[in-house]
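Hi everyone, thanks for coming. Let me put the structure up on the screen, and then we'll walk through a few parts of it together.

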Amino acid sequence: MAELEYFEGLLKNSRVNGVLQLDTEGNILAVSAAFTSLFGYTYKDVDGQNFSIFFTSEDKLKNKPQIELEKVLKDGQCDDKNYIVHKNGQITWVSGESILISSAKGEKTILKIIQDIRQQKEFEFSLSRANDLRQSILATIADAVVVLNKQMHIVMANAAFYRLVKNEHPSFADFAAIINAFDANGILLEKIKHVMNTGEAFSRQQIEIFSPKGEKMFEVSCHPMLANEIEETVLLVAHDITAQKRAQIEREDIMGFVAHELRNPLANILLTNEMMTMLLQNQSAPEFATLLQKSKNNITRLNKMITELYDSEKVNAGRFELDITTFNIDEMLKEAVETTQALHPMYNIIQKGAAGIAVKGDRYRLMQVVTNYLSNGIKYSNGEKEVTISVSKNNNSVIVCVEDKGLGISADQLPYIFDRFFRAEKTRNLEGIGLGLYLCRRIMDAHNGRVWAESEDGKGSRFYLSLPIV
Amino acid sequence: MTAKKILVVNNDLDTMSLIQQLLETNGYKVKYSGNRNEVIELLDGFKPDLLLIDILQMGILKKDRLASLQQQMPILMMTGYNHYADAPVLSPDAFIKKPFTLEELISAIEKLLSKKS
């Protein structure tokens with residue numbers, strides 16, 4: 001066996017794989033250091049014993065050790081995956097390869113290399129579990145999910161998608177052909193192609209699709225995805241928001257109706273107020289004049305609430321169309337200042353700077369944002385009589401800033417002031433229902449512009465809007 | 001200078017009588033009605049210089065009649081809608097949003113009357 005001693009190095013130095021040296025009967029001649037560290041057995045433990053001791057009793061009953069030995073003697077090699085019994089009795093999944101080695105003198109020995117693949121096995125198991133989980137999630141969710149390749153063929157689609165298109169097409173069906181009936185103007189297809197070509201994802205875009213059950217509104221997201229190394233695909237998720245949309249539109253209609261109806265008695269109250277004011281004109285009754293003014297202020301306040309509520313419903317229902325014109329921004333700002341100033345003669349609105357350009361946008365809506373900023377500045381002025389509005393421009397946009405020296409906003413509330421129905425704690429007793437700034441944000445969003453604010457508690461605020469120059 | 005004549009058309013009696021009192025105190029001659037036949041009679045008999053009508057009462061007048069009326073006199077529309085775009089109308093001369101003050105009403109009326117003359 002002199003030549004076989006060459007294997008000593010292999011037995012001593014292998015670290016990753018366990019090595020066993022057997023004779024042709026399957027008796028153990030040597031074990032490697034790695035085998036000991038992997039499975040616990042030292043050479044002393046197994047010296048001269050048959051390698052079948054490493055097999056589970058079940059495998060022994062199936063005669064696996066004998067079969068393996070016969071195969072390696074016959075073919076010179078044998079490999080398989082098996083359980084191995086660890087010295088401490090634990091069972092481990094391994095992959096083994098046995099090789100028959102003959103010396104020049106005809107001496108034969110078997111080298112068995114064993115790899116612990118428990119981790120790999122666990123990984124495979126968790127992968128298959130994850131896969132099962134993914135499959136069941138995809139099958140269960142109501143959103144339609146489709147994976148498309150460059151040729152616009154369906155690589156994968158879930159049940160919700162097929163339900164939507166009433167189609168039982170097999171994989172790799174032509175997506176364009178399926179969706180054509182529902183996407184008459186090809187809007188969706190164009191958008192997906194754009195994602196394919198540029199790699200730019202889009203998310204939560206509202207798209208109308210005509211399903212067999214009628215018109216439906218979806219919120220669609222599309223992301224590029226690398227399905228495997230060769231194929232680029234896109235993932236398309238469509239979330240049905242038809243019911244939500246319908247409810248929103250219904251609510252908006254109701255609000256529109258309610259707003260309209262509320263204004264009739266409100267108009268009469270205001271006219272009655274005017275009548276009384278007029279009748280009192282020539283009489284010295286200062287208390288009545290004050291009371292009437294108070295009641296008038298409250299009519300205005302009520303009307304403002306009605307307008308805000310109605311506007312925000314409209315915005316949320318997505319029925320918020322801009323009437324785009326080109327106009328001089330400085331003139332619009334001047335008008336906004338004059339309007340607000342007229343309503344608040346006790347305050348001083350200072351207009352600084354000029355953009356000196358015409359901009360494109362919905363003048364009425366943009367003026368609404370500016371007057372909202374200005375009246376907020378006054379409303380939260382905390383006794384300070386000055387509000388400043390300034391305008392500047394850079395290469396891409398016009399920036400308007402309204403600054404007051406009033407209450408200010410605390411840092412923890414600042415991020416939420418443009419949210420719907422948000423009202424800073426200390427403004428709760430002041431007029432408004434928390435929709436004004438929300439509307440400002442939505443109006444600027446619709447113009448691809450931006451709103452933001454800077455403030456320091458107790459030291460006033462700066463409200464900004466930026467409008468892209470187009 | 002003769003007093004300008006205003007015809008108010010609305011279905012709310014309170015609104016109409018209040019507007020009448022307020023405008024008459026300010027030197028206008030005002031008649032009102034919410035009844036279709038009466039309105040037509042008043043248009044011919046009273047011969048108003050301006051028609052102040054609620055948007056929802058526009059149906060009282062047939063579309064062709066309205067179009068010819070627009071040639072004859074300014075029409076000021078009262079609306080409880082938020083935005084003019086929401087109001088279902090022909091091309092309007094002017095709108096006044098409810099609720100409005102007397103000052104706003106007179107200013108809207110005068111604007112239209114001066115445009116005409």
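Start with the helix α2(B), which lies across β1 and β2 of chain B. Its direction runs at about 155° to that of β2(B). Please keep in mind that this is a predicted model.

Now, which strands make up the sheet underneath, and in what order? It is an open sheet of five strands in chain B, ordered β2-β1-β3-β4-β5, with parallel pairing. As a general reminder, strands of a sheet pair through backbone hydrogen bonds, either parallel or antiparallel. At the edges here you find β2 (29-33) and β5 (94-97) of chain B, each of which pairs on one side only. On average, neighbouring strands of the sheet are turned by 20° against each other, ignoring direction.

Let's zoom in on one pair. β3(B) and β4(B) run parallel and are joined by four bridges. If you look for the bridge partner of L51(B) in β4(B), you'll land on I75(B). A second helix, α1(B), packs on the sheet too, touching β1 and β2 of chain B, and its direction makes about 175° with that of β2(B).

On to the core. In soluble globular proteins, nonpolar side chains tend to be buried together. The largest nonpolar core in this model has 33 residues, and the members touching the most others are I6(B), V8(B), I19(B), L51(B) and L52(B). Several elements give two or more residues to this core, including α10 (242-280) of chain A and β1 (5-9) of chain B. The largest share, five residues, comes from α1(B). Take V8(B) as an example: leaving aside neighbours within four places in sequence, its contacts are M16(B), I19(B), Q20(B), V30(B), Y32(B) and L52(B). Apart from this core lies another one of 30 residues, with V391(A) and F418(A) among them.

How do the two chains meet? The contact takes 19 residues from chain A and 17 from chain B. On the chain B side, α1(B) gives the most, with seven residues. That side divides into seven nonpolar, six polar and four charged residues.

One last stop, in chain A: is S52(A) buried, exposed or partly exposed? S52(A) sits in the loop between α3 (43-46) and α4 (57-61). It counts as partly exposed because it has 16 C-beta neighbours inside 10 Å, while being buried would take 20 or more. Not counting residues up to four places away in sequence, S52(A) touches G26(A), K60(A) and P65(A).

Note on methods
Residues numbered from 1 in each chain as written. Chains lettered and ligands numbered in written order. Predicted model: local features only at pLDDT ≥ 70, side-chain atom pairs only at ≥ 80, totals over all residues. Core = buried A, V, L, I, M, F, W, Y, C linked by C-beta atoms within 7 Å. Buried ≥ 20, exposed ≤ 12 C-beta atoms within 10 Å, placed from the backbone. Contact = placed C-beta atoms within 7 Å. Nonpolar A, V, L, I, M, F, W, Y, C, P; charged D, E, K, R; others polar. Pairing = 2+ DSSP bridges. Axes fitted to C-alpha atoms, helices over the stretch in contact; angles between N-to-C directions.
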